[in-house]
Amino acid sequence: MSEETYDLAREQYEKRYMAALAQRIRAVREERGLTQQAVARAAGIASDMVSRLENGHYTSPGLRTLLRIADGMGVPLAALLPELPGPTSSPESALLALLHSIAQRAEPHELELLLDLAKVVVGRDRPF
């Protein structure tokens, strides 16, 4: 597997993780009945930071920021972190992650074409 393919797979993983983190922060905040402004005030961070994080516009929050947000909501940091499998470590798993990412973006008719192509490449005589 080329370094470019591996980098693309890692980038896709990071995007999925950050999207899941944003959803998790929003869900915990809403479960606790807090506004974004209340969390920011309690965390001692800029008032728009929570909004930007929840909406995917703040893509690399530091550990200190996440700790402050968790503390501001009165939850452990682990409550905010999404449970996703770790980054791909083998070339095969990186390629599978990339294939999965492509399939998620495909339209239904494109998925049928991808399936047909996979059957030809892998061989129709093998069970799927």
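**Pocket first.** I went to the largest pocket and found about 180 Å³ of space in it. This is a predicted model, so I keep that in mind for every entry. I listed the lining: Leu99, His100, Ala103, Leu111, Leu114, Leu115, Leu117 and Ala118. Then I asked which helices supply at least two residues of that lining. They are helix H5 (91-105) and helix H6 (108-122). H6 gives the largest share, 5 residues.

**Overall layout.** I counted 6 helices and 0 strands in the protein. Read from the N terminus, the elements go α-α-α-α-α-α. The protein has 128 residues, and 29% of them are buried. I also looked up the exposed surface, which comes to about 8700 Å², with 55% of it supplied by carbon and sulfur atoms. Of the contacts with a separation of 6 or more, 63% join residues 24 or more positions apart.

**Core.** Next I pulled up the largest nonpolar core, which has 18 residues. Which members touch the most others? I noted Ile25, Ile45, Ile69, Met73 and Leu80. Helix H1 (3-31), helix H2 (36-43), helix H3 (49-54) and helix H4 (63-73) each put at least two residues into this core. H4 supplies the largest share, 4 residues.

I followed leucine 80 from that list. Setting aside neighbours within four places in sequence, I found leucine 80 in contact with Leu21, Arg24, Ile25, Val28, Leu66, Ile69, Ala70, Met73 and Val75.

**H4.** I checked which residues of H4 are buried: Thr65, Leu66, Ile69, Ala70, Gly72 and Met73. Looking down the axis of H4, I see these buried residues within an arc of 160°, so they line one face of the helix. On the other side of H4, I noted Leu63, Arg64 and Asp71 as exposed. A reminder to myself: an α-helix has 3.6 residues a turn, so residues three or four places apart point the same way. Just after H4 I found glycine 74 with a positive phi of about 75°.

**Leucine 66.** I stayed in helix H4 for leucine 66. Buried or exposed? Leucine 66 has a relative accessible area of 9%, and the cut-off for buried is under 20%, so it counts as buried. Leaving out residues up to four places away in sequence, leucine 66 touches Leu21, Ile25, Leu53, Pro61, Leu77 and Leu80. I also took the C-alpha separation from leucine 66 to alanine 43, and it is 9.2 Å, with the two 23 residues apart along the chain.

**H2.** Alanine 43 sent me to H2, where the buried residues are Gln36, Val39, Ala40 and Ala43. These cover an arc of only 100° around the axis, which puts them on the same side of H2. Just after H2, I again found a glycine with a positive phi: glycine 44, at about 70°.

**Arginine 29.** Last, I looked up arginine 29, which sits in helix H1. What is its relative accessibility? I read 8%, so arginine 29 counts as buried. Not counting residues up to four places away in sequence, I found that arginine 29 touches Leu34, Thr35, Gln36, Val39, Val50, Glu54 and Met73. Gln36 and Val39 are among the buried residues of H2, and Met73 is one of those of H4.

Note on methods. Residues are numbered from 1 along each chain as its sequence is written. This is a predicted model: local features need pLDDT of at least 70, side-chain atom pairs count only at pLDDT 80 or more; totals for chains, interfaces and linings use all residues. Side-chain values use heavy atoms; hydrogens and water are left out. A nonpolar core is a set of buried Ala, Val, Leu, Ile, Met, Phe, Trp, Tyr and Cys residues joined through side-chain atoms within 4.5 Å. Buried means under 20% relative accessible area, exposed over 50%, partly exposed in between (1.4 Å probe, protein chains only). Contact means heavy atoms within 4.5 Å. Accessible areas come from the Shrake-Rupley method with a 1.4 Å probe; for residues, only the protein chains shown count as cover. The arc is that of the directions from the helix axis to the C-beta atoms. On a 1 Å grid over the protein atoms alone, a cavity is a set of points where a 1.4 Å probe fits but cannot get out, and a pocket is an open set with protein on both sides within 12 Å along at least five of seven lines; lining residues have an atom within 4 Å of a point. Grid points are joined across faces, edges and corners, and a volume is the space filled by probe spheres set on the points.
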